[in-house]
Amino acid sequence: MKHLIYISITLFSSIFAQENQRILLTNGFLHVGNGEIVSNSIIGIKEEKILFVKNALAYTIRKNEWDTIIDLQGQHVYPGLVAPNSTLGLTEIDAIRATNDFNEVGDLNPHIRSLIAYNAESKVISTVRTNGVLIAQATPRGGSISGSSSVLHLAGWNWEDAVIKTDDGIHLEWPNSISNGETNHADKKRNDKYEENKAKIVQFFESAKIYAKNPEKHLMDLRFNSMKELFTGTKRLYFHANDIQQILDIIDFCKQEELKFPVIIGGYDSYLVADRLRDAKIPVMLPRLHSLPENEDDAVDLPYKLPYLLFQGGVKFCLQNEGDMEAMNARNIPFLAGTAVAYGLPMEEALKSVSLNSCEIMGIEKEYGSIEVGKKATLFVSKGNALDMRTNDVTLILIDGEILEVTNSQTDLYKRYKKKLGL
Amino acid sequence: MKIFSIFFIILAFSSFSQEINPLNGVKQSKPNFIALKNATILVSPTKTIEKGTILIQDDKIINIGMIVFIPDDALVIDLQEKTIVPAFIETNSSLGLPKISGRHSFFPQIETSKEGAYYWNESIHPEVAASAIYTFDEKGIEEYIKMGFGIVSTHQNDGICQGISAIFSLGTTNYSKQLISASGNPFFSFSKGISNQTYPSSQMGSISLLRQTLYDLKWYENATKKENNLSLDALSNQIKKNIVFQTGDKLEILRAHKIALEFNLNFTYLGSGNEYAILDELSKLKLNVILPLNFPLAYDVKDPYTAKEISLSDLKHWENAPLNPGLLFKNHVPVSFTSFGLTSANFWKNIKIALKNGLKESEALEALTLNPAKILGIEANFGTLEEGKKASFSIYDSNPFSEEAILLESWILGEQKILASSQKIDIRGKYNLIVDNEYLTLEISGTKEKPSAIIKKRNSNTAGNSKIKKRKRNQKTVEIVKDTLEIPCYINLVGNDVTLQFSSDDLKWEGSVSLHAKANMKFGVFEGDGTIADGTWVKWSAIRNETAEKTKSSSGSDSKKDKDESEASFWFPNMAYGFTEKPKTETVVIKNVTLWTNEKDGIIDDATIVLENGKIKFAGKGSPTTPNNAKVIDGKGKHVTSGIIDEHSHIAISNGVNEGGQAISAEVNIGEVVNSDDIDIYRQLSGGVTASQLLHGSANPIGGQSGLIKLKWGHTPEEMLIPNAPKFIKFALGENVKQANWGDFNTVRFPQTRMGVEQIMFDAFERAKKYEKEKIANPNSYRKDLELEVLLEILKSQRNITCHSYVQSEINMLMHLADSMGFKVNTFTHILEGYKLADKMKAHGAGASTFADWWAYKYEVNDAIPQNAAMLTKMGVVTAINSDDAEMGRRLNQEAAKTVKYGGATEEEAWKMITLNPAKLLHLDDRMGSLKVGKDADIVLWSTNPLSIEAKVEMTIIDGEVLFDSKKDLELRKINQAEKARIISKMLAEAEKGSETKPFVKKKAKHFHCGTIGEEGSTESNEH
């Protein structure tokens, strides 16, 4: 049975949850995700992979080759957007402790794995997906070393199905060079213990490095064992840091420890040392764009402008949205990128900063992040510019070639009460 | 002859003076009279006598002048042109009072824990009398004496009504003689102090509590059948007196002054040091101010990474604070000084700083003597050195205001206390030093009391040679400065004895040289002997050829300093992005622009808008005449809208957004604690917001009154408040008011369930009804209750409710409650389940003000959906999108755009949700919310369609004042940077001069949300 459909929002849910199917997307305004656009595209998908991406003028459709052909009628096609450094799936309701699974007891917890706490059935996830965010990095919080994150797509029945990269990296809260004070109300001042705190971290990593060289010589050490691949493999070390002093010390630390894949998360001051980050090839996951300037005197639009400043400085960067209500706010990630456009970043670069760049930084770019041949068919279609809340209107979602519903628990309530109110 | 006769009368009268205290042993001997002659006497701020005499009998001055008859039986002390200064008077001290410390309990303490017939709130304790708890503190007294004080008013610094001060003379004899008055000044403040009681928990709560206390007092004083209350008894005696009101910020002075006017009280304000920012108000209102002199130290700015953390406002305050005293005097504000925060080590240093920064010497004296005497009401006896006044003064070796003087003696109530040898000589200057036939130069500088010295030798060798030869040896550093050798030298002066010690390898003798001599300063000569390195005794001498003054004046570094001072400037507000002059209304014409009128015309392309006299004069198609002096802007491709109105905001608030100390706090008012210095005002302007309802938080069922403001950056709080704005109050329901997310200890305050919320509200309104009956029955003797007065306004539909609410059950409840009481709920705010009840809300007539897409942050928002706003709008409920968040407040245009995405609102509908609809909800739509001729000129110029993600604000105008301009903003950033750099380099120069510095401390960026508890803002989440 072959289907030929003109896109409509509600139809897809259950009909196409079959496997081994071949899908052709025609007439889409394609945003590849690597900076390029194809205004009239044809995208061929077989099973979970993208078979080809072509200009429509150079392709003749043979209908019998496809199970499903969808005419996108000029709508925009985007690679699945990414929410890096997020507690999405690790929390359901922020204020209810029972639903929070992202902060373990202890200071140095590299062995703690977010993966197994990830709730694939979170109601919040369904509302994030429907704005085009299809990949998340479930990230633990707290302590000096919070634990290991994993990268997942947002369609699995369980974490095992959903995971893209298990234990992709370890998250290190770099000591504060400027003390935030012991209480919430305390004023900031220079952290007198900064050198001491730093030395502790250095020593811990030195020991881990020794362990990594000859693990068999040691008794099993859960912490050091989890850190092995920082030195020998592709595991990322994510430094959470914002101040210039911290950033410069991290650059030194990475050289000293011969870290292969360091990443800075935050980096509010990164624009001040862009050249050094560029030379050290350390990418940055910028702080939540929709946030107030840190300092009274800062440019009122500095957080909006950071992507542009790093773009100009040649530093690899992507966007993330750690902060207040970050799980539910993951659905606003496309609009963070959109706001960056208003402050100088070119539109396709903005898209990159929430798709291909994020995937490259996390090390999943071979399969995700752009709509290119051989990659997983993880993409979505929007009636208008998906980076603008006014026009973001998602009509089709594919994750690993599987078509997903464009509804969520909220649209269900919407429907129910529209009926009740007679709207 | 006349003087003579008076003198005898006094003598006859006072020689028989008696004392109560029994005497142990034989009566102490003392002369009948004491005459101090040949002194320079600073009689009063306006009068100085050279070579004058003071005649003292017992504790009194009985004569003073150039020519004074000195009786035979007088002890005559020749002061040899030393200077006599009236004893300084300290108005603000806690000398001799016990240290106070509070208790802490995990469970909230709602009622007073103080036993006895006292006021119900522990921060109101006017009954505390300092005289009763004073104990002798010799060290403290000596410290004050060393600074030149003779009289101190001491009080317990704690609470809102702190109690009454006791005025003491600083003598060391007996209490009864020292105590001038047990009834000095009452002290008030806005700080609750160590009280552990939950109420008040905010500044607005303190304001209300003080007002209620004063109303209670009125009732207490008049009521016939009264209870006894020791606190009110004490307060009753105090309110006629001169009350000292402690403030922590300039704005608190303006807040307290409103209370002074309301109750006809006489307040003297104890300032905080930034009063220069409200000069106009102070001089207009003719307020009395006591100023601290503890000027901020320069920050340690050597490390640019930490220097960048210091805000421009802190830097500017450092530069401006020393100008504070002089500026206030110049503006005719009666100023007194307090030494609070200073010690004898830095007291004069700070006075001199003020003198260098525009304060006159006579003003300094006035602020330390006459003015404080008036505040204490003791000017009949103290403050100046006049006949009949008490003999309390200090003797310096020269004028301490103009020179570096040493305090020699302190006379308190006629009793002499010798503090330093009057023989202290000034040995500073340049000397030719001859030791064992070696010819050197000795330079003595430093202070007169603690001189420092350096020995120099002109090098006879060539400079090159000596440079190679001379390096560090041992600890002493020997440096070659050009061709002069400089050797540090230890110097000590005791009486006339001078000791010198120095060490060098480059003199005739290698090693240490110790010298001792008698100084004869009449000739400027030292002569003596000492030992050289090998222990040989040698003769030495030094002859002065240049005195200290000469050395000083020749250095000539003062001209640069003056230049620096002239650069200090005051901005409005005095921080980054402040204006150099207060903004003024402009005439503005924007042509060829797209207007979002929010009126029948809808969105019009290629139109023109004219703003004149703060109003919209024209908006639409056509070509109106361009007024003279108009700023004409070409708006091609751009859009103009009316300003964004944020129905739910918590920016620009001082010291607490919640008065959560009680379940009902209708008496508090956010409008009384507007903070005009909040950078978030400017940030909101950059996002096109022109007006905000500053709401009380949601910590209790009946919160406080709103402050409706326009974001008039650069203006005072009073000028920001919207004139004749409708009255609003915040109510709240659900998790916050039942303290569901406040931890395990907050389980005491009623209510803890939604069930309790209904009952406490019912009860409140029933009490209000009874209160009105009482008011009508006894119009002259009822007890005015600020809380119930406000509830009555609600019952009479004179005040609107904005109610924090989430789930449908509680929303339904409040509408029923309101219906039963005969009023309407004006606005449900947050109202995330509004869509479930849109029909009922429409029927009740309630409006909605909601978030665009927030949810999942607590249980009661589990059913929140982003389609809410669009659905409510479609149901005919007036709906606004609000922020409740300083960050989101500056991109409400984006939040409005989300209603297009979710629920399918039209662009015009979406735009009205942040402009016209909130104006309607606030009943301000007759003057704001649309581009209509005659409405306020509150408009925004956008780079493109304001709902687009690419839209940026180019200009925000309020009342015709251009308060944000994106081009000017870029300039301001440069100006900020330059100003910062200028002050930082000035600080570095200070540090190089050896001034003390302090490490940087930076106030955390804190923001208030609905659920933020306490006076400080927070960085916590989930507070909505």
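A residue is buried if 20 or more other C-beta atoms lie within 10 Å of its own, exposed if 12 or fewer do, and partly exposed in between, with the C-beta atoms placed from the backbone. By this rule 50% of the 1024 residues of chain B count as buried.

This is a predicted model, in which local features need pLDDT of at least 70 and side-chain atom pairs count only at pLDDT 80 or more, while totals for chains, interfaces and linings use all residues. Residues are numbered from 1 along each chain as its sequence is written, and chains are lettered from A and ligands numbered from 1 in the order in which they are written.

**Exercise 1. Describe chain B as a whole.**

Step 1. Helices (H or I, at least four residues) and strands (E, at least two) are DSSP runs, numbered from the N terminus. Chain B has 28 helices and 47 strands.

Step 2. The C-alpha trace of chain B spans about 105 × 85 × 60 Å along its principal axes.

Step 3. Two residues are in contact if their C-beta atoms, placed from the backbone, lie within 7 Å. Of the contacts in chain B with a separation of 6 or more, 68% are between residues 24 or more positions apart.

**Exercise 2. Describe where chain A meets chain B.**

Step 1. The contact involves 44 residues of chain A and 62 residues of chain B.

Step 2. On the chain A side, the elements that give two or more residues are β12 (188–190), α6 (244–256), α9 (326–329), α10 (333–342) and α13 (409–421).

Step 3. Sort the residues of that side by type: 22 are nonpolar, 10 polar and 12 charged. Here Ala, Val, Leu, Ile, Met, Phe, Trp, Tyr, Cys and Pro count as nonpolar, Asp, Glu, Lys and Arg as charged, and the others, Gly among them, as polar.

**Exercise 3. Trace the sheet that includes strands of both chains.**

Step 1. Two strands pair if DSSP finds at least two bridges between them. The open sheet has 3 strands in the order β11(A)-β12(A)-β47(B), with antiparallel pairing.

Step 2. β11 (178–179) of chain A and β47 of chain B are the edges, each with a single partner strand, so one side of each has no neighbour in the sheet.

Step 3. β11(A) and β12(A) are joined by 2 bridges, and A:S179 stands opposite A:K189 in β12(A).

Step 4. Across the chain boundary, β12(A) pairs with β47(B) (residues 1001–1002) over 2 bridges. There A:K189 has B:V1001 as its bridge partner.

**Exercise 4. Place strand β14 of chain B among its neighbours.**

Step 1. β14(B) covers residues 288–292, and 5 of the 5 are buried, so the strand is largely enclosed by the rest of the structure.

Step 2. B:N288, B:I290 and B:P292 point one way, and B:V289 and B:L291 the other way. In a regular strand the side chains alternate between the two faces of the sheet.

Step 3. One partner is β13(B) (residues 266–270), which pairs with β14(B) in the parallel sense over 3 bridges. B:T268 has B:N288 as its bridge partner in β14(B).

Step 4. Between these two strands the chain passes through helix α8(B) (residues 279–285), and this β-α-β crossover is right-handed. That term applies if, with the strands pointing away from the viewer, the path from the first strand over the helix to the second runs clockwise.

Step 5. Strand β16(B) (residues 335–338) runs parallel to β14(B), joined by 4 bridges. In β16(B), B:V335 is the bridge partner of B:V289.

**Exercise 5. Locate the nonpolar cores.**

Step 1. A nonpolar core is a set of buried Ala, Val, Leu, Ile, Met, Phe, Trp, Tyr and Cys residues joined through C-beta atoms within 7 Å. The largest has 363 residues, of which A:F239, B:I84, B:F149 and B:I609 touch the most other members.

Step 2. Leaving aside neighbours within four places in sequence, the contacts of B:I84 include B:L36, B:I54, B:L385 and B:F393.

Step 3. Apart from the largest core lies another of 24 residues, among them B:V435 and B:L500.

**Exercise 6. Compare the backbone and surroundings of A:D400 and B:H923.**

Step 1. A:D400 lies in the loop between β18 and β19 of chain A. Its phi is near 50°, a positive value in a residue other than glycine.

Step 2. B:H923 is in the loop between α27 (916–921) and β43 (939–942) of chain B. The phi of B:H923 is near 55°, again positive in a residue other than glycine.

Step 3. A:D400 is buried, with 20 other C-beta atoms within 10 Å, whereas B:H923 is partly exposed, with 15.
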